[in-house]
Structures are given as C-alpha cells and as structure tokens.
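Hi,

Here is the structure I said I would pass on to you. Have a look at it first, and then read my notes underneath.

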Amino acid sequence: MTDLFKQLEPATQGTREATSALLDDARWNDDGLIPAIAQQHESGEVLMMAWMNRAALEETLATGRVCYWSRSRGKPWRKGESSGQVQRLVAVHLDCDGDTLLLSVDQQGPACHTGRRSCFYIALGQEAAEIDSAPLMDPAELYGQR
C-alpha cells in the first residue's frame with residue numbers, strides 16, 4: 001500500500017484528494033492495468049469485471065461512457081461500441097488499497113458477450129456447477145452476425 005492510501009485510512013467523510021495524485025499512487029499491475037468491477041447502479045447487481053489502464057479510466061471520467069482496456073485486442077474498448085450495449089458511468093470508487101475499481105453504471109441491455117445480463121452466470125457448487133441465467137438475446141444478434 002502506498003503512503004497516500006495509508007494517509008487516507010483515518011480520513012473523515014468529505015476529505016478531498018486530487019484524483020491525479022490517487023491515480024499516481026494506484027497499484028497498477030506490471031501491464032499498467034487495474035481490475036474494474038461494474039455493477040448496476042440502482043440494484044447493485046454485479047455485471048462484469050474487466051481491466052482499465054489509466055487512459056481508459058481518465059476517458060471514462062471525462063466522458064461518462066465506460067471505456068476499458070482490451071487485453072486481447074491490445075487497445076481501448078468502449079463498452080457497447082460493437083454491440084450497442086453501452087455502459088454509462090454513474091460513479092467510480094477506488095478501494096482502500098488502490099488496486100481495484102468499482103464502477104456503478106447504467107447498463108443498456110446485456111453486459112456479457114454471451115447475451116446475458118451479467119457475466120457471472122455460472123454458479124459453482126462443491127460437486128457441480130449450474131448455469132443460473134438465460135441469455136437475454138442471441139450473441140449473434142448482439143454483435144450483428146445475422
């Protein structure tokens with residue numbers, strides 16, 4: 001944990017710190033990325049986890065449209081750019097260690113590339129796993145492959 005995050009531990013509600021200073025001290029991984037968990041703002045439903053680099057986070061803060069870093073494509077990924085299932089930012093929080101982001105979003109349609117509302121649809125049990133939600137739409141439709 002960095003000194004800045006340590007200094008903020010006893011801070012009272014309403015204490016302010018420069019975003020740039022917090023991002024300077026955030027714990028980005030070796031690839032310059034930080035995990036970002038997206039949840040629906042009014043329900044708290046966890047939708048997905050993706051990665052952000054600093055530029056994607058700064059773009060998200062500036063525009064209000066969520067932008068992630070696509071590790072597979074090696075470029076920014078503006079949620080919904082190919083599917084139309086846009087995420088609008090409501091709020092973003094950095095955790096106490098400066099190593100994870102929590103995004104409160106307004107998700108339009110499915111968040112998952114499988115056409116489901118959430119990427120977390122595989123419920124694990126000790127002996128078996130169960131798919132606990134159906135797709136809202138066919139992934140081929142979602143990405144215009146029909």
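Let me start with a side-chain detail: R116 sits over the face of Y121, 3.9 Å from the centre of the ring. Do keep in mind as you read that this is a predicted model.

Now for the overall picture. The chain contains four helices and eight strands. Going from the N terminus, the order of the elements is α-α-β-β-α-β-β-β-β-β-β-α. Along the principal axes, the C-alpha atoms take up a box of roughly 50 × 35 × 30 Å. There are 146 residues in the chain, and buried ones make up 32% of them. The exposed surface of the chain comes to about 8700 Å², with 49% of that supplied by carbon and sulfur atoms. As for contacts between residues at least 6 apart in sequence, 42% of these join residues at least 24 apart.

Helix 3 is worth a stop. It spans residues 54-63, and its buried residues are A56, L57 and T60. Because they cover an arc of only 100 degrees around the axis, these residues lie on the same side of helix 3. That fits a general point: an α-helix has 3.6 residues a turn, so residues three or four places apart point the same way. What do the buried residues of helix 3 pack against? Their partners are helix 2 (19-25) and four strands that I will list by number: strand 2 (46-53), strand 3 (67-70), strand 5 and strand 6 (101-107). After helix 3 comes G64, which has a positive phi, near 80 degrees.

Next, the aromatic rings. The count of aromatic pairs is one. Y68 and W77 make up this pair, and their rings are tilted, with 5.2 Å from centre to centre and 40 degrees between the planes. Is Y68 buried or exposed? Y68 is counted as buried because its relative accessibility is 0%.

One last spot is S83, in the loop that links strand 4 (75-78) to strand 5 (87-94). Although S83 is in a loop, it counts as buried because its relative accessibility is 14%, and the cut-off for buried is under 20%. The side chain of S83 also reaches the backbone nitrogen of Q85, at 3.1 Å.

If you want a place to begin in the viewer, try R116 and Y121, then go to the tilted pair of Y68 and W77, and finish with S83 and Q85.

Cheers

Technical notes
Residues numbered from 1 in each chain as written. Predicted model: local features only at pLDDT ≥ 70, side-chain atom pairs only at ≥ 80, totals over all residues. Heavy atoms only, no water. Phe/Tyr/Trp six-rings, centres within 6.5 Å; stacked < 30°, edge-to-face > 60°. Buried < 20%, exposed > 50% of the residue type's maximum accessible area, 1.4 Å probe, protein only. Lys NZ or Arg CZ within 6 Å of the ring centre and 35° of its normal. Helix = DSSP H or I, 4+ residues; strand = E, 2+ residues; numbered from the N terminus. Polar contact = N/O pair within 3.5 Å; in protein donor to acceptor, adjacent residues only side chain to side chain. Arc of directions from axis to C-beta. Contact = heavy atoms within 4.5 Å. Areas by Shrake-Rupley, 256 points an atom, 1.4 Å probe, with all protein chains shown as cover.
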